[in-house]
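Me: I would like a close look at one part of this model, namely its charged side chains and the places where they pair, together with whatever surroundings help to put them in context. Please take the time to connect the details rather than list them.

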Amino acid sequence: MTLSAFGASVESGDTIVHNLGEVSVQGRGLKKLKSTAPVYSVDNAKFESMGVTGVADALNRLPGVTLKDYGGAGGLKTVSVRGFGATHTNVLYDGVALSDCQTGEVDLSRYSLDNISSINLTVGDNDDIFIPARSASLAATLSLSTLPMLQDVDSTILTARLRGGSFGMVNPFLKVGRSTESGKSFDFSGEYLYGKNDYPFTIVNGNEVTHHRRNNSRMNSFHLESNGSVRLASRTTLNGKLYYYDNNRQLPGPVILYNEISNERLHDRNFFGQANLRSALSSTVSLLANAKFNWSDSHYSDHDGKYQGGVLEQNYYQREYYISAAALWLPTSSWSLVYAADYTYNNLNSNLARNQHPRRSSILQTVTARYRLSRLTLTARALVSTYINGVRSGDKPDNSNRISPSVSAAYSILHNKALTFRASYKNIFRMPTFNELYYDHVGTLDLLPESTDQFNFGATYNVSGLGAVSSFYITADGYINNVKDKIMAIPVSMFMWRMMNLGKVRSTGVDVTMGMTFDIKQGWQILADGNYSLQNSTTRTNRDASDYGKQIAYTPVHSGSVSVACENPYVNISLHGTGAGERFSTNNHANGTSMSGYFEAGAAVYRIFPIKSHRLEVRVDLINMFNRQYEIIARYPMPGRSWQASLRFTL
């Protein structure tokens, strides 16, 4: 199965032989069962059968995930895991971290599903140890892997896709690639997305029902990406990536007292270049090195007319320089040892009156040991984190230095490794973002880092060849998470807030996933996948406070998804749905802040037509087929019933 809660990212250092060839080794099957911590994954084969229409939609199919979505094709989309918050989720793009030092949150709507081969969510540390130190520095890691480079000598690839849909959406995508006999490969891709996003919604006030349309919601973005790979020696490969994103969009406002008018705009630009070097020096030693430069510019404007000059203009500029090196040593067939060191420099400039030009140097080091037998895997890691803060003017926060340990274990009880139990513990902390430290009327320089402890206990079971059921898996994980020194925004007045270390949050829950494949007859299959999460995330700061013991804002107690697909020689059909229970938009569950639960159902029909050695895919998606109106963020209505149609040609 390709949707699995026991999947693990491949570790190139499992055996040095993996570094010798040209192909990219992918962790599959029984190897995944030995993961020492939960790793939930969905790949591009499942994107079709599960009816996935975007990166955010794919994340909605993973257990324990809380997605914040402001609605529409261009709405901001961030993800938090098991009550930790989006700032505790590390997002990797082809193995190198994406970052936003200003807010600490990564907008996942920037990345194209057409160029993604797999999405993996790791909670804690699993037994994939040959990674940069930064990849282990947060409570959860979301890894986006792009489609692999061409491996065949002297070959060419071309993929063209045109998608259109409701509310004025137009979305073309093009990718071309080439490999040469000298061991060089490159590809180039580009995507454009336009959407008016003027979807209808209703407001119910007692017996009065009024109908409205979303306004000031236009999306106009494009991104360009180029990848290259060159084999420097028989056991050394250098990979590189260039990425540029430009999004000039309008920002719809919250619907408050029938006033949904907004005049806000946001122009985001982002460029980064990254390089990755892998080398096997011998049969027991491998090296991994990464480097990255990242630049981003955010220009926010509000043409409300109430500001001096008629327009409020805010500009933010970020830069990041990042280098990383890791060494893997295999002293015996059972032991693997890794040392990794990362250095990151961030700065932030703006046109605000209180602009201190903050900067931060981060030095992260990890020492990791893994012991593996036939049915047992034990992993231990120590992360040493040093943060050095600076400003051009004014006061600066204290520097910070911490040591964070983690341990994990997995044991397969049966000889065929079908049943595996696992347990893990990870301690980590999160440095305050630049907004939390410096933002005008909000930032507080004496904030302490948030400290987290996470415990996980789980089991996986996987079998195949059960008659008509060709494959079956089920996983279950229980967890306890504690966050100390939780950073919270406390109101000083109606228009002024302060960030303070007041909060403690405890999350307990269970994540369950299940999937199976039925072979009906030759060429006919039924694929079924589903997940369910029970999550209690409550504040534990002050027993006398109104929010004590109550579910934290925007986190449902119950959530889940299900999909069933029938693949056959004629027309493939997929039915799917995602849902969540009641939530609140405030931590103290104040009157009027309850948000009703929802279940959004959809359907897709698709077929692939072979044209000689090429293929043409025709696909139609019906989204929110029962026209369910709901909100993920309070007062930001999500779209109702809509459709998408696409043509995709692959050379």
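How many salt bridges does a search of the whole structure find?

Reply: The structure is a predicted model, and a search of the whole of it finds 24 salt bridges. Side chains of opposite charge can pair when their charged atoms come close. Some of the pairs can be taken one by one, beginning with a pair that joins distant parts of the chain.

The side chains of Glu 48 and Arg 615 meet in a salt bridge, with an N to O distance of 4.0 Å. This pair links distant parts of the chain, since Glu 48 belongs to helix H2 (residues 44-49) while Arg 615 belongs to strand E32 (residues 614-623), and the two are 567 residues apart. Arg 615 has a relative accessible area of 35%, and therefore counts as partly exposed.

In another salt bridge, Lys 175 is paired with Asp 187, and their closest N and O atoms are 3.9 Å apart. Here, too, distant parts of the chain are linked, with Lys 175 in strand E9 (residues 169-179), Asp 187 in strand E10 (residues 184-195), and the two positions 12 residues apart in sequence. Both Lys 175 and Asp 187 are buried. The side chains of Arg 61 and Asp 57 also form a salt bridge, at 3.1 Å from N to O, and both Arg 61 and Asp 57 are buried as well.

Beyond such pairs there is a network of salt bridges, in which Asp 114, Arg 161, Arg 163, Glu 191 and Arg 648 are linked.

Other positive side chains gather on the surface: Arg 319, Arg 359, Arg 392 and Lys 396 form a patch of positive charge there. Of these, Lys 396 can be placed in the loop between strand E20 (376-390) and strand E21 (400-412). Its relative accessibility is 39%, so Lys 396 counts as partly exposed.

A further lysine, Lys 196, is found in the loop between E10 and strand E11 (200-205). With a relative accessibility of 48%, Lys 196 counts as partly exposed, because that value lies under the 50% that an exposed residue has to pass. Although Lys 196 and Gly 168 are 28 residues apart in sequence, their C-alpha atoms are 5.2 Å apart in space. When residues up to four places away in sequence are not counted, Lys 196 touches Phe 167, Gly 168, Ser 217 and Arg 218.

Asp 485, an acidic residue, is found in strand E24 (residues 469-493). Its phi is near 55°, which is a positive value in a residue other than glycine, and at 30% relative accessibility Asp 485 counts as partly exposed. A phi near 55° is also given for Asn 627, again a positive value in a residue other than glycine. The place of Asn 627 is in the loop between E32 and strand E33 (631-633), and Asn 627 counts as partly exposed at 42% relative accessibility.

Two serines give a view of the surroundings at buried positions. Ser 451 is found in strand E23 (residues 450-466), and at 15% relative accessibility it counts as buried, because the limit for that class is under 20%. Leaving aside neighbours within four places in sequence, Ser 451 is in contact with Asn 427, Ile 428, Phe 429, Asn 482, Val 483 and Lys 484. Ser 117, in strand E6 (residues 116-123), is likewise buried, with a relative accessible area of 16%. Its contacts, with neighbours within four places left aside, are Asp 43, Asn 44, Ser 145, Thr 146, Leu 147 and Pro 148. Ser 117 and Gly 253 are 136 residues apart in sequence, and their C-alpha atoms are 34 Å apart in space.

A nonpolar patch completes the account of the surface. Tyr 570, Val 571, Ile 573, Leu 575, Val 605 and Val 620 make up this surface patch of about 520 Å². Within it, Tyr 570 has its place in the loop between strand E27 (558-567) and strand E28 (572-580), and Tyr 570 is exposed, its relative accessible area being 53%.

Terms used:
Residues are numbered from 1 along each chain as its sequence is written. This is a predicted model: local features need pLDDT of at least 70, side-chain atom pairs count only at pLDDT 80 or more; totals for chains, interfaces and linings use all residues. Side-chain values use heavy atoms; hydrogens and water are left out. Patches are made of residues with over 30% relative accessible area and no salt bridge: like charges are joined within 9 Å, nonpolar side chains (Val, Leu, Ile, Met, Phe, Trp, Tyr) within 5 Å. Accessible areas come from the Shrake-Rupley method with a 1.4 Å probe; for residues, only the protein chains shown count as cover. Lys and Arg count as positive and Asp and Glu as negative; His and the chain ends are not counted. The place of a charge is taken as NZ of Lys, CZ of Arg, CG of Asp or CD of Glu. Helices (H or I, at least four residues) and strands (E, at least two) are DSSP runs, numbered from the N terminus. Buried means under 20% relative accessible area, exposed over 50%, partly exposed in between (1.4 Å probe, protein chains only). Contact means heavy atoms within 4.5 Å.
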